[in-house]
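Here's a short set of exercises to work through with the model open in your viewer. Try each task before you read its solution.

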Amino acid sequence: MTVIFGSIWCVYAFFIFSLIPVVKPDWQGPLLYVSNSIQLVALPALMVGNAILTRGSDQRAAEDHAALVEILSDVREEVARLRNMTVGIAQQETENSERPTDVVSIANEAVISVNEPDDKTTSSKPDGS
């Protein structure tokens, strides 16, 4: 009944029903009785129907909430994993930035110096001294 009374066709039917006394004024008394009877039946029917629809809506909202809380938990776990992964990357970048700029590291075991060493005792000067 909630669906029927809530439809636009019911609005049209009641609008036409309300115009009948304009065409037939002598029917106003019986139409008023029928109109009051419809109101007395429709109002409780709409209230009960609305309560039933609300219960279903509340249940869906609770299920949606539980699903969203589970998704939030999963997202938090993934963010924690990503933070753990990026801690190692940040530490490695810090270590790389602390290395001298004139050294090229091919692997962790092999380090090649690009610039000449500044040790004056081992280097020979071109002027022969």
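**Exercise 1.** Classify Ile20 as buried, partly exposed or exposed.

*Solution.* Keep in mind that we're working with a predicted model. Start with the location: Ile20 is found in helix H2. Next, take its relative accessibility, which is 26%. Buried would need a value under 20%, and exposed a value over 50%. So Ile20 counts as partly exposed. As a last step, look across to Leu31: the two residues are 11 apart in sequence, and their C-alpha atoms are 8.3 Å apart in space.

**Exercise 2.** Work out how H2 and H3 are oriented relative to each other.

*Solution.* First pin down the two helices: H2 covers residues 8-23, and H3 covers residues 28-98. Their axes lie 9 Å apart, and the packing angle is about 155°. Angles over 145 degrees count as roughly antiparallel. That's why H2 and H3 get the label roughly antiparallel. To finish, add the handedness: H2 passes H3 in a left-handed crossing.

**Exercise 3.** Find the nonpolar surface patch and check the exposure of Val22, one of its members.

*Solution.* Pick out Phe15, Ile16, Leu19, Val22 and Val23: together they make a nonpolar surface patch of about 540 Å². Now zoom in on Val22, which sits in helix H2. Its relative accessible area is 66%. The cut-off for exposed is over 50%, so Val22 is exposed.

**Exercise 4.** Count the salt bridges, then describe the residues that pair up.

*Solution.* Here's the background: side chains of opposite charge can pair when their charged atoms come close. The criterion is a Lys or Arg side-chain nitrogen within 4 Å of a carboxyl oxygen of Asp or Glu. Applying that rule gives a count of one salt bridge. The partners are Glu78 and Arg81, with their closest N and O atoms 2.6 Å apart. Where do they sit along the helix? They're three residues apart in H3, so about one helical turn separates Glu78 from Arg81. Then check accessibility: Glu78 comes in at 39%, making it partly exposed. Arg81 has a relative accessible area of 46% and is partly exposed too.

**Exercise 5.** Summarise the chain: which elements does it have, in what order, and what share of its residues is buried?

*Solution.* Count the elements: you should get three helices and two strands. Read from the N terminus, they run α-α-α-β-β. Finally, the chain has 129 residues, and buried ones make up 4% of them.

Key: Residues are numbered from 1 along each chain as its sequence is written. This is a predicted model: local features need pLDDT of at least 70, side-chain atom pairs count only at pLDDT 80 or more; totals for chains, interfaces and linings use all residues. Side-chain values use heavy atoms; hydrogens and water are left out. Patches are made of residues with over 30% relative accessible area and no salt bridge: like charges are joined within 9 Å, nonpolar side chains (Val, Leu, Ile, Met, Phe, Trp, Tyr) within 5 Å. Accessible areas come from the Shrake-Rupley method with a 1.4 Å probe; for residues, only the protein chains shown count as cover. Helices (H or I, at least four residues) and strands (E, at least two) are DSSP runs, numbered from the N terminus. Buried means under 20% relative accessible area, exposed over 50%, partly exposed in between (1.4 Å probe, protein chains only). Axes are lines fitted to C-alpha atoms, for helices over the stretch in contact, and angles run from 0 to 180 degrees between N-to-C directions. Angles under 35 degrees count as roughly parallel, over 145 as roughly antiparallel, 65 to 115 as roughly perpendicular and the rest as oblique. A crossing is left-handed if the near helix is turned anticlockwise from the far one by less than a right angle, and right-handed if clockwise.
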